[in-house]
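Here is a short briefing on one protein model. Look at the sequence and the 3D view first, then work through the points by topic.

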Amino acid sequence: MHLTREEARVNKRVLTGLVLLAFSAISLGVSAQESAKAPDGPASLWYMGVGIGATAASIPDQTVNNANAVFVAANGAASTIVDEKNRSTGLKVFLGYKFHPNFAVEGGYASLGTTSIHSDFRSAGVPSTSVGTFDLDYKMTAPFIDAVGTFPLNDKWSLIGRVGLSYTKTSANINGSPLTLLVSSNDKSENKIREKFGAGVDYNINAGFTVRAEWERYKAPDPLGDKVFDVDMASVSVLFRF
């Protein structure tokens, strides 16, 4: 049977529509079948996460005592009032690869907040007056890579543990008043590779989304001394698999 050009054009459109409809039906059928087998779907090997939490770090006593001794003498002070703020807010982002049901590798970057010391040097006599101040702020950051182990408790809950290395940087910002203080406005920083570790718990909402609560300990170098001090971070993270 001979078809006109217009009839052939119509048939071609109908055939294209039927093919597209068939592919759509097949896709929907496969998706429905997979959903019936596993409502949450298969878990991806790759995931990324972002976390926020509280950090705690203390500037080494040796550094604080040495600075106070210098500035007490420089100001002719009789006493010092020291106010230390060692709690701050931390953030982190990371990328993970789960190469085994119980093991993964994670690499990321953590901002570990700021810890600070404010010293007020006081004169002798009653009442005493301020003869100078000293402010020291330590800001800590740490790119890291960890091996992470997972111990499932059930379908939703898992315990995790981690051990790894961080390239921790501590930046010291120093200011004093009066400006004649020996190290006023003298900023220093130091980087060091050190071990880190942590533990926590995962709650798997579904195959693509997990909430994690954990504690981690980093080691940070002191740019004004020879000590290494602990930085603890307690955080809540969300993980997205892709």
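Leaving aside its neighbours within four places in sequence, which residues is Asn68 in contact with? They are Thr80, Val82, Ser119 and Phe121. Keep in mind that this is a predicted model. The briefing starts with the whole protein and then moves to single residues.

**The whole protein**

- The protein has two helices and nine strands.
- Read from the N terminus, the order of the elements is α-β-α-β-β-β-β-β-β-β-β.
- The protein has 242 residues, and 33% of them are buried.
- Take the contacts with a separation of 6 or more: 69% of them join residues 24 or more positions apart.
- The exposed area of the protein is about 13,800 Å². Carbon and sulfur atoms supply 62% of that area.

**Asn68 in helix H2**

- Asn68 belongs to helix H2, which covers residues 61–75.
- Is Asn68 buried or exposed? Its relative accessible area is 10%, so Asn68 is buried, given that buried means under 20%.
- The side chain of Asn68 has a polar contact with the side chain of Ser119, at 3.0 Å.
- Ser119 is also one of the residues in the contact list of Asn68.

**Strands S7, S8 and S9**

- Strand S7 spans residues 188–206 in the model.
- Strand S8 takes up residues 209–221 and pairs with S7 in the antiparallel sense. Nine bridges connect the two strands.
- In this pairing, Val201 stands opposite Ala213 of S8.
- How many residues does the hairpin from S7 to S8 run through? The hairpin joins the strands through two residues.
- S8 also pairs with strand S9, residues 228–241, in the antiparallel sense. Here there are 13 bridges.
- Arg217 has Asp232 in S9 as its bridge partner.
- S8 and S9 form a hairpin too, with six residues between them.
- A general point helps when you look at strands: in a regular strand, side chains alternate between the two faces of the sheet.

**Lys196 in strand S7**

- Lys196 is found in strand S7.
- Why does Lys196 count as buried? Its relative accessible area is 0%, and the cut-off for buried is under 20%.
- Which side chain makes a polar contact with the side chain of Lys196? It is the side chain of Asp146, at 2.6 Å.
- Lys196 also lies over the face of Phe144, 4.7 Å from the ring centre.
- Beyond its neighbours within four places in sequence, Lys196 is in contact with residues that include Arg162, Val163, Gly164, Leu165 and Ser166.
- Glu216, Arg217 and Tyr218 are also among the contacts of Lys196.

**Aromatic rings**

- The count of aromatic pairs comes to six.
- One pair is Trp46 with Tyr97: their ring centres are 4.7 Å apart and their planes meet at 50°, so the pair is tilted.
- This pair links distant parts of the chain. Trp46 is in strand S1 (residues 46–57), Tyr97 is in strand S3 (residues 87–100), and they are 51 residues apart.
- Trp46 is partly exposed, at 40% relative accessible area.
- Tyr97 is partly exposed as well, with 29% relative accessibility.
- Another ring has a charge over it: Arg241 lies over the face of Tyr47, at 5.9 Å from the ring centre.

**Ala104 in strand S4**

- Ala104 has its place in strand S4, which runs over residues 103–122.
- With 5% relative accessibility, Ala104 counts as buried.
- Outside its neighbours within four places in sequence, Ala104 is in contact with Tyr47, Tyr97, Lys98, Phe99, Asp146, Ala147 and Val148.
- How far apart are Ala104 and Arg162 in space, C-alpha to C-alpha? The distance is 9.5 Å, with their positions 58 residues apart in sequence counted as their separation.

**A cis peptide bond**

- Which peptide bond is cis, with omega near -5°? It is the bond from Val126 to Pro127.
- Pro127 sits in the loop between S4 and strand S5 (130–152).

Notes:
Residues numbered from 1 in each chain as written. Predicted model: local features only at pLDDT ≥ 70, side-chain atom pairs only at ≥ 80, totals over all residues. Heavy atoms only, no water. Helix = DSSP H or I, 4+ residues; strand = E, 2+ residues; numbered from the N terminus. Buried < 20%, exposed > 50% of the residue type's maximum accessible area, 1.4 Å probe, protein only. Polar contact = N/O pair within 3.5 Å; in protein donor to acceptor, adjacent residues only side chain to side chain. Contact = heavy atoms within 4.5 Å. Pairing = 2+ DSSP bridges. Areas by Shrake-Rupley, 256 points an atom, 1.4 Å probe, with all protein chains shown as cover. Phe/Tyr/Trp six-rings, centres within 6.5 Å; stacked < 30°, edge-to-face > 60°. Lys NZ or Arg CZ within 6 Å of the ring centre and 35° of its normal.
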